[in-house]
Amino acid sequence: MKKGHPSKNALPTANSRRNFLKNSAALATLATTGPLTGFSPLAMVEQKPASSGINGIQIGAVSFVDEGVDAVLDILQKRGSINTIFLTTFTYGRGLAGRQIPGQPFPDHGSKDSDEKTFHGGNYATVHREFYKNTILQNTRATEHGNLDIVAAVLPAAKKRGMKVFCSVEDQWRPDVPGVKECAEIDLQGRKADTLCLFHPDVRAFWKGLVNDLCSSYDIDGILFFNERNGPLLNALGASHFQQIDSSRATCFCEHHQRAAKQQGINVERAKEGYQKLDQLVTASLRGERPSDGYYVEFQRLFLHYPEIIAWDRLFDLGKHEVLAEVYTAVKTVSKNLQVGFHIEHVNSFNPFFRAARSYEELATKADFLKVVAYNNCGGERYANFIKNIGSTIFRDVPPEELMRFNNYLLNYANEAPLSELATEGLSADYVFRETKRAIDGVKGKCLILPGIDLGIPTKANSRKGSPGDAYAATLAAFKGGAHGVILSRKYSEMDLADLDAAGRAIRESAKE
Ligand SMILES: [Zn+2]
């Protein structure tokens with residue numbers, strides 16, 4: 001049994017952070033009955049933030065390698081008021097791991113050499129074989145730092161300082177990893193995709209094995225799980241902010257998916273047929289071939305004729321949420337005091353269809369905390385991309401500026417820049433406040449909300465670049481919205497120290513109120 005993990009019930013889930021701090025009677029009860037380690041009696045009297053909320057930062061192995069474990073922890077603790085490390089432990093993606101991404105300016109610390117050629121990704125901890133017996137995905141060790149086990153290297157130093165450590169785990173792969181081809185999703189035209197099927201038994205066994213390995217092998221505080229993938233309908237429509245629209249690549253139609261569909265009573269052939277017709281409609285829309293009844297009506301008609309299109313999209317969500325539930329159970333099986341959080345991706349903010357497909361309250365039943373992405377600087381560019389994408393298919397008849405204004409009403413965004421200036425202006429700190437409050441209201445006290453704060457997330461050359469003022473305002477706005485803490489994102493290796501200072505100042509000031 002591990003020590004030092006406050007159990008879910010002992011955390012201030014039902015109250016706002018501030019109310020929790022002021023509720024000294026509840027604190028006294030928790031202190032005597034619950035394992036509230038980290039909430040020292042002294043800290044309670046002083047109402048210090050470092051022991052009340054989770055004020056975290058996402059950071060990858062390379063930063064500790066480049067700058068030294070203690071030196072980095074010193075900076076995070078003293079300048080950023082950070083009390084929790086979200087240590088990138090598994091991913092093949094550069095959003096969480098590696099130095100600054102190619103083509104972007106380096107921040108004011110760390111190595112200035114690009115790791116474009118040496119970056120590999122994978123598991124930055126030791127892979128303990130016995131946890132991966134039921135999966136073909138066995139060779140996932142990250143290779144760029146030799147035999148370094150980043151969890152083993154950081155954990156004791158962080159603990160010594162009273163800092164918590166969570167392992168961040170992300171569903172991002174590279175095609176040359178052994179087993180990836182065998183687990184790949186199959187698209188509408190029978191091609192293998194780069195993504196892994198969430199109904200594939202080896203994939204399920206991998207995620208369970210990985211979190212079991214990390215939680216059993218190290219005295220960590222828990223897991224933050226990332227899966228930013230969308231279902232086939234949103235992908236086909238281009239209803240996201242990053243992607244190129246290619247509706248012929250809608251996934252997944254592999255044998256495991258088909259089996260799951262049959263269990264749900266979904267007609268596989270009808271679903272395929274529906275997605276083929278959707279592909280034709282999207283392709284024609286992108287060419288500007290307007291149906292006689294208009295774009296929206298034609299899409300809506302297709303959904304009415306083929307409800308299997310929606311059902312197949314829901315099936316993807318089912319798989320994704322089953323994986324989340326399995327991760328939660330696997331972690332809690334090791335120790336119920338370990339905490340599990342899920343990263344809630346940016347499209348959850350921009351896209352009303354995505355919002356409708358899940359509920360915060362339901363997500364809260366399988367998480368101790370949700371990291372809700374509320375990145376405002378890069379949010380302008382991303383939201384503009386989202387409007388451009390949906391404005392090229394289903395809403396092609398609507399002038400983009402009006403489409404955005406309408407969407408703003410649906411999303412409860414206010415006073416944001418017009419579409420033409422959105423990328424250069426970014427979204428406001430008020431956006432951070434609104435998205436935090438929506439999440440707080442949505443989970444109804446059933447889990448903690450830790451908004452992801454944008455510190456130097458890369459954007460295109462002419463788009464908004466965050467400043468210390470932005471970092472300060474966004475962090476403050478999250479607390480004003482009722483956040484139980486924050487997670488500075490995406491990774492330390494792309495953040496300027498001046499931004500970290502500003503976020504730290506906001507964390508300290510919020511705690512004094
Ligand atoms: Zn599949």
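**Notes on the predicted model**

1. At 35% relative accessibility, Val297 counts as partly exposed, because that value falls in between the 20% limit for buried and the 50% limit for exposed. Val297 sits in helix 12, which spans residues 295-305. One longer-range pairing to look at here: Val297 and Phe395 are separated by 98 residues in sequence, yet their C-alpha atoms are 9.6 Å apart in space. Keep in mind as you read on that this is a predicted model.

2. Now the whole chain. The protein chain has 22 helices and twelve strands, and of its 513 residues, 59% are buried. If you take contacts between residues at least 6 apart in sequence, 79% of them join residues at least 24 apart. The exposed surface of the protein chain comes to about 20200 Å², with carbon and sulfur atoms supplying 52% of that area.

3. On to the metal. Which atoms coordinate the zinc ion? The donors are SG of Cys197, SG of Cys252, SG of Cys254 and ND1 of His257, at 2.1 to 2.6 Å. The angles among the four donor atoms run from 86 to 132 degrees, and the site is tetrahedral. It gets that label because the criterion asks for all angles to lie between 85 and 135 degrees. For reference, the ideal angle for four tetrahedral donors is 109.5 degrees. If you plan to look at the geometry yourself, the 86 and 132 degree ends of the range are the values to set beside the criterion.

4. Along the chain, the zinc donors follow the spacing C-x54-C-x1-C-x2-H. Cys197 belongs to the loop between strand 6 (192-196) and helix 8 (201-217), while Cys252 belongs to the loop between helix 9 and helix 10, so this pair ties together parts that are 55 residues apart in sequence. Are these two cysteines buried or exposed? Cys197 and Cys252 are both buried.

5. Cys252 deserves a second look for its backbone. The peptide bond leading from Thr251 to Cys252 is cis, with omega near 5 degrees. Cys252 lies in the loop that links helix 9 (232-237) to helix 10 (255-263), so here a zinc donor has a cis bond on its N-terminal side. Most peptide bonds are trans.

6. Where else does a cis bond turn up? The bond from Ser489 to Arg490 is cis as well, with omega near 0 degrees. Arg490 is in the loop between strand 12 (485-489) and helix 22 (497-512).

7. Next, positive phi values. Most residues other than glycine have a negative phi. Ser81 is not a glycine, but its phi is positive, at about 50 degrees. Asn415 also has a positive phi, near 55 degrees. Ser81 is in the loop between helix 5 (69-80) and strand 2 (84-91), and Asn415 is in the loop between helix 18 (400-411) and helix 19 (419-425). As for their surroundings, Ser81 counts as buried at 12% relative accessibility, whereas Asn415 is exposed, with a relative accessible area of 75%.

8. The loop that holds Ser81 also holds Asn83, again between helix 5 and strand 2. With 7% relative accessibility, Asn83 counts as buried, because the cut-off for buried is under 20%. What does the side chain of Asn83 meet? A polar atom of that side chain lies 2.8 Å from the backbone nitrogen of Asn55.

9. That loop leads into strand 2, and strand 2 is mostly covered, with eight of its eight residues buried. Its pairings are worth tracing in the viewer. Strand 1 (residues 54-59) runs parallel to strand 2 and is joined to it by four bridges; within this pairing, Ile57 has Ile85 as its bridge partner. Strand 4 (residues 164-170) is likewise parallel to strand 2, over six bridges, and Leu87 stands opposite Cys167 of strand 4. Strand 3 (residues 122-123) runs antiparallel to strand 2, with two bridges between them, and Phe90 is partnered there with Asn123.

Methods. Residues numbered from 1 in each chain as written. Predicted model: local features only at pLDDT ≥ 70, side-chain atom pairs only at ≥ 80, totals over all residues. Heavy atoms only, no water. Buried < 20%, exposed > 50% of the residue type's maximum accessible area, 1.4 Å probe, protein only. Polar contact = N/O pair within 3.5 Å; in protein donor to acceptor, adjacent residues only side chain to side chain. Pairing = 2+ DSSP bridges. Donors = N, O, S within 2.8 Å, 3.2 Å for Na, K, Ca; no water. Tetrahedral: all angles 85-135°; square planar, octahedral: opposite > 155°, others 65-115°. Contact = heavy atoms within 4.5 Å. Areas by Shrake-Rupley, 256 points an atom, 1.4 Å probe, with all protein chains shown as cover.
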